[in-house]
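Me: I have a model open on my screen and would like to know what stands behind the terms used for it. Could you take me through them?

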Amino acid sequence: MPAYPDDDPTSLRLELELVPRGTAVSEVVKQLIGLLTAGELVPGSRLPPERQLAERIGVGRSAVREALAALEILGIVTVRPGSGTYLRDNTSELLPTTLSWGMMLNAARTRELIEVRSGLETQAATLAATRVDDADVEKLRGFVDTMRDSRDDLDTFLQADIRFHLQIAISADNVVLRDLLQSTRSLLRLWVERGLRDRAQAEAAYLEHLDVFEAIAARDPAAAEAAMRRHMSTAGERVGHADVDDPAS
């Protein structure tokens with residue numbers, strides 16, 4: 001990736017518009033994608049600072065920060081701590097796909113993405129119950145135990161949650177299914193993180209994961225399917241009610 005240590009991102013002509021209140025993160029993503037595809041930036045260029053972007057668009061810095069995190073997930077930008085956010089050098093190859101993915105970050109499409117994830121996770125659990133080995137079971141048990149012990153530490157809980165679902169996908173032994181799940185989880189990341197807010201929700205989520213684990217450990221595909229379907233139903237409600245548009249700076 002070419003470096004541009006002397007470039008001045010504040011000098012770029014930003015064609016950005018004020019966004020309606022309540023749609024900050026998804027709209028900032030759309031506008032930034034538009035900026036990146038307009039030819040104003042070449043691969044390796046540094047984006048303007050968060051504060052300037054926030055002022056020009058009329059949103060809080062947290063909304064810009066979340067939007068940049070989404071673009072990093074989509075592979076459009078890379079964030080270098082202490083340096084800034086840069087346009088990736090292979091963005092031209094990624095944009096046709098990531099542009100359409102970025103549109104799905106709009107809250108109006110989140111429900112559809114949740115439905116897709118539900119079907120994929122249920123299929124993964126069903127397959128895992130027929131293909132899991134003892135080592136996989138112990139890994140899953142460790143993640144569930146971590147969730148049990150970190151119900152007051154939501155960051156740790158969420159990391160164990162993510163790794164639990166990833167291990168199920170690995171145990172399902174289907175690369176296409178695993179990759180599709182990874183993509184949908186990445187797109188829902190902001191909503192998932194905001195959907196878990198307190199110990200009561202963590203407690204409910206832990207018990208749901210425990211049911212899924214016990215069914216897979218028992219090598220019972222029907223029970224694993226039912227348990228994951230129940231988990232996806234309640235998890236979908238939590239995610240669907242998450243507020244990812246925080247106007248505060």
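Reply: Gladly! This is a predicted model, and its chain has 11 helices and 2 strands. From the N terminus, the elements follow the order α-α-α-β-β-α-α-α-α-α-α-α-α. Of the 249 residues, 45% are buried. Among the contacts with a separation of 6 or more, 77% join residues 24 or more positions apart.

Me: Thanks! Why are α6 and α10 called roughly antiparallel?

Reply: The axes of α6 (residues 134–149) and α10 (residues 199–217) cross at roughly 165 degrees and come within 10 Å of each other. Angles over 145 degrees count as roughly antiparallel, and therefore this pair earns the name. The crossing is left-handed.

Me: Which residues make the contact of α6 with α10, and what makes some of them nonpolar or charged?

Reply: From α6 come V137, L140, R141, V144, M147 and R148, and from α10 come Y206, H209, L210, F213, I216 and A217. The division is 9 nonpolar, 1 polar and 2 charged. Arg counts as charged, so R141 and R148 fall in that group; His is not in the nonpolar or charged list, so H209 is polar.

Me: And why are α7 and α10 called roughly parallel?

Reply: Here the axes cross at roughly 25 degrees, coming within 12 Å. Angles under 35 degrees count as roughly parallel, and therefore α7 and α10 are described that way. This crossing is also left-handed. On the α7 side the contact uses L154, F157, D161, F164, H165 and I168, while α10 brings A202, A205, Y206, H209, V212, F213 and I216. These residues divide into 10 nonpolar, 2 polar and 1 charged.

Me: What makes a group of residues a nonpolar core, and which members of the largest one touch the most others?

Reply: The members must be buried nonpolar residues joined through side-chain atoms within 4.5 Å. The largest such core has 33 residues, and M147, F157, F164, I168, L177, V212 and I216 touch the most other members. Two or more residues each come from α5 (107–131), α6, α7 (154–171), α8 (175–187), α10 and α11 (221–240). The most come from α10, which gives 7.

Me: Which residues does F157 contact, beyond its neighbours within four places in sequence?

Reply: F157 is in contact with M147, S150, R151, L196, A202, A205 and Y206. There is also a second, separate core of 19 residues, with V28, L47, L53 and V59 among them.

Me: Why does P48 count as buried?

Reply: P48 lies in the loop between α1 (24–37) and α2 (50–57). Its relative accessibility is 4%. Buried means under 20%, so P48 meets that cut-off. P48 is also 8.0 Å from T85, C-alpha to C-alpha, although the two are 37 residues apart in sequence.

Me: Which residues of α2 are buried, and what is the phi of G58, just after α2?

Reply: The buried residues of α2 are Q52, L53, A54 and I57. As for G58, just after α2, its phi is positive, at about 85 degrees.

Conventions: Residues numbered from 1 in each chain as written. Predicted model: local features only at pLDDT ≥ 70, side-chain atom pairs only at ≥ 80, totals over all residues. Heavy atoms only, no water. Axes fitted to C-alpha atoms, helices over the stretch in contact; angles between N-to-C directions. Helix = DSSP H or I, 4+ residues; strand = E, 2+ residues; numbered from the N terminus. Parallel < 35°, antiparallel > 145°, perpendicular 65-115°, else oblique. Left-handed = near helix turned anticlockwise from the far one by under 90°. Contact = heavy atoms within 4.5 Å. Buried < 20%, exposed > 50% of the residue type's maximum accessible area, 1.4 Å probe, protein only.
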